[in-house]
Amino acid sequence: MQEFDTPVLDNHLHLDPDHGRGVEAVEDFARSGGTHLLVVNKPSWLLGHEVETGADFRPVFETTIEVVREASEILDGRAWPVLGVHPGLVSKLVDDRGYDPEDARDLMCAGLDTAAEFVRAGGALALKSGRPHYDVTDAVWDASNEVLKHGLDLAADCDCALQLHTESTTDLSDVASWADERGVPRERVVKHYAQGHLVGGTPSVMSDRDRLEVAVERGDPFLMETDFIDDPDRPGAVMGPKTVPRRVDWMLDEGYDAAVRNAHVETPELVYDIDTEATLDR
């Protein structure tokens with residue numbers, strides 16, 4: 001079993017205890033030297049829920065909270081839930097179920113309201129929202145941005161970070177300005193699946209070496225992630241749960257110790273107000 005003299009955090013992955021590997025993936029992560037996880041709920045439709053009200057998201061979130069509890073029992077550190085509504089739901093609602101974009105917006109905002117209830121009660125660490133990363137109509141794009149803004153409203157109210165699934169970009173200045181208007185610190189706007197740098201928030205960098213080298217060279221706050229999707233029908237999709245610990249091993253071999261501390265100690269505290277060292281039990 002690999003151990004490092006540092007916490008090792010994967011900032012964004014999914015666990016599906018019913019259809020995927022669930023805690024088995026956590027065991028792989030831990031054996032490779034991983035200590036901390038931020039577990040984002042899978043999209044509601046992938047967990048078998050056809051939502052019609054905000055309350056219909058509750059079992060989606062409860063599934064994630066329960067698997068996080070089990071993960072924390074395995075890890076030398078701990079796991080935290082990140083709860084929200086995947087922006088791709090808008091297309092499921094509009095294209096597949098005949099919703100108007102405005103009605104889809106309202107349902108997704110209601111789902112975020114339910115997620116925020118868990119954050120306020122201390123059952124989740126942060127929220128997740130965003131906008132489609134693919135081409136959509138202007139009406140769907142506008143509705144999606146309204147959902148994202150509602151996520152920022154809730155992040156301000158809950159005093160928490162907001163993870164975002166967005167188009168591929170290194171510039172989220174528009175979102176940062178919306179965050180400013182709501183009093184959400186820009187560092188708490190976290191772009192998932194990010195490249196090695198980002199204007200307008202904190203990049204959660206996909207853990208391939210090229211992107212990480214950019215993040216290391218810039219020295220700005222950043223996080224590391226795999227976006228492991230825990231889908232047995234797509235076993236090679238995105239990155240596996242061992243990837244972040246393996247990249248940390250490589251970074252330490254390259255002498256990037258300061259960058260490892262940045263990604264796994266300093267930035268988690270800056271963004272989420274969590275102490276990955278104090279929660280490390282070794």
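In this predicted model, helix α4 buries a long list of residues, among them Pro 101, Ala 104, Leu 107, Met 108, Cys 109, Gly 111 and Leu 112. Further along the helix, Thr 114, Ala 115, Ala 116, Phe 118 and Val 119 are buried as well. These buried residues pack against the helices α2, α3 and α5 and against β3 (79-84) and β4 (126-130). With 20 residues, α4 spans 28 Å from its first C-alpha to its last, close to the 28 Å expected at 1.5 Å a residue. After the helix comes Gly 122, with a positive phi near 85 degrees.

Turning to the interior, the largest nonpolar core comprises 39 residues, and Leu 127, Leu 152 and Val 175 have the most contacts inside it. Two or more residues each come from α2 (58-74), α3 (89-96), α4 (101-120), α5 (138-158), β5 (162-165) and α6 (173-182). The top contributor is α4, which gives nine residues. Beyond its neighbours within four places in sequence, Val 175 contacts Arg 131, Leu 148, Leu 152, Leu 164 and Val 189. A second core, separate and made of 15 residues, includes Val 205, Ala 215, Val 216 and Val 244.

It is also worth pausing at Leu 38, a residue of strand β2 (residues 36-40). Leu 38 counts as buried because its relative accessibility is 0%. Residues up to four places away in sequence aside, Leu 38 touches Leu 9, Asp 10, Asn 11, His 12 and Leu 13, together with Trp 80, Val 82, Leu 125, Gln 163, Tyr 272 and Ile 274. Leu 154 lies 116 residues from Leu 38 along the chain, and their C-alpha atoms are separated by 19 Å.

Notes. Residues numbered from 1 in each chain as written. Predicted model: local features only at pLDDT ≥ 70, side-chain atom pairs only at ≥ 80, totals over all residues. Heavy atoms only, no water. Core = buried A, V, L, I, M, F, W, Y, C linked by side-chain atoms within 4.5 Å. Buried < 20%, exposed > 50% of the residue type's maximum accessible area, 1.4 Å probe, protein only. Helix = DSSP H or I, 4+ residues; strand = E, 2+ residues; numbered from the N terminus. Contact = heavy atoms within 4.5 Å. Expected span 1.5 Å × (residues − 1).
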